[in-house]
Amino acid sequence: MATVREASAITKKTLAMRDHLWPGAALHLWHRSANKGFATIPKTLPFVLKIMDELTKGAPVSSTFLSLWCSTWDNSYIVITNPAEMSQAAGFGGQRGVHTWAGRMKKLQALRFIDIKPGKSGPMNHVIMWNPHTIIRWHHDVAHTPGLMEASFTSLIERAAEVGAQDMLTPLPPPQPVAPPPPPAVVPAAPLPHAASDNQPAEA
């Protein structure tokens with residue numbers, strides 16, 4: 001991984017090459033320091049999206065995941081008040097667009113990339129996005145989920161090493177032991193009724 005000084009030198013070098021090949025291009029480019037409305041994404045995201053689609057072969061979820069990411073405010077949390085708008089952003093239009101989008105959302109939840117909570121705007125009102133690096137590593141190392149291609153996983157590891165994404169490289173923490181459930185409560189038995197004594201007078 002490059003140091004801050006090395007990264008600065010690389011940036012200057014690439015900018016010099018860009019300006020040499022395209023003089024005056026800077027005025028016509030998008031840059032986050034000059035334009036509002038941007039989201040922070042990991043440089044590994046193309047590899048992450050590829051793996052997601054491999055895990056859901058025949059029903060790709062990458063566009064749904066990307067549209068969710070672009071709806072966050074760098075807090076991995078989205079409040080969905082307009083499912084039709086979200087489905088359009090994910091590329092699902094027409095009469096069945098929302099239905100298709102909702103199906104992709106359920107697939108992302110089943111694969112643990114997101115979690116969904118209902119609210120006043122519907123059953124998919126609140127969404128949290130888990131770290132996709134951690135989830136993919138879990139699918140590979142723990143769950144051995146079918147569909148995850150070894151070549152794609154290795155490519156993700158290689159890209160993570162290039163950009164210094166340590167959450168793809170450091171060992172995963174061992175699973176925490178699950179405490180046994182408490183023993184069931186003991187309900188005291190009801191007292192038996194006293195038998196009639198021979199000394200008690202018989203009822204008239």
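**Group meeting: a three-stranded sheet and its helices**

Good morning. The accessible surface of this chain comes to about 14,800 Å², and carbon and sulfur atoms hold 62% of that area. I should state at the outset that the model is predicted.

Let me continue with the chain as a whole. Of its 204 residues, 27% count as buried. Among contacts with a separation of 6 or more, 53% join residues that lie 24 or more positions apart.

I turn to the secondary structure. There are seven helices and three strands, and along the sequence they follow the pattern α-α-α-β-α-α-β-β-α-α.

How are the three strands ordered in the sheet? The order is S1-S3-S2, in an open sheet with antiparallel pairing. Strand S1 (77-79) and strand S2 (114-119) stand at the edges with a single partner strand each, so one side of each has no neighbour in the sheet. On average, neighbouring strands here are turned by 25 degrees against each other, direction ignored.

The pairing of S2 with strand S3, residues 122-129, is antiparallel and runs over five bridges. As one example, isoleucine 114 has methionine 129 in S3 as its bridge partner.

Finally, the helices against this sheet. Helix H3, residues 62-69, packs on the sheet and touches S1, S2 and S3. The direction of H3 makes about 80 degrees with that of S3. Helix H5, residues 97-110, lies across S2 and S3, and H5 runs at about 125 degrees to S2.

Thank you for your attention.

Notes: Residues are numbered from 1 along each chain as its sequence is written. This is a predicted model: local features need pLDDT of at least 70, side-chain atom pairs count only at pLDDT 80 or more; totals for chains, interfaces and linings use all residues. Side-chain values use heavy atoms; hydrogens and water are left out. Helices (H or I, at least four residues) and strands (E, at least two) are DSSP runs, numbered from the N terminus. Buried means under 20% relative accessible area, exposed over 50%, partly exposed in between (1.4 Å probe, protein chains only). Contact means heavy atoms within 4.5 Å. Accessible areas come from the Shrake-Rupley method with a 1.4 Å probe; for residues, only the protein chains shown count as cover. Two strands pair if DSSP finds at least two bridges between them. Axes are lines fitted to C-alpha atoms, for helices over the stretch in contact, and angles run from 0 to 180 degrees between N-to-C directions.
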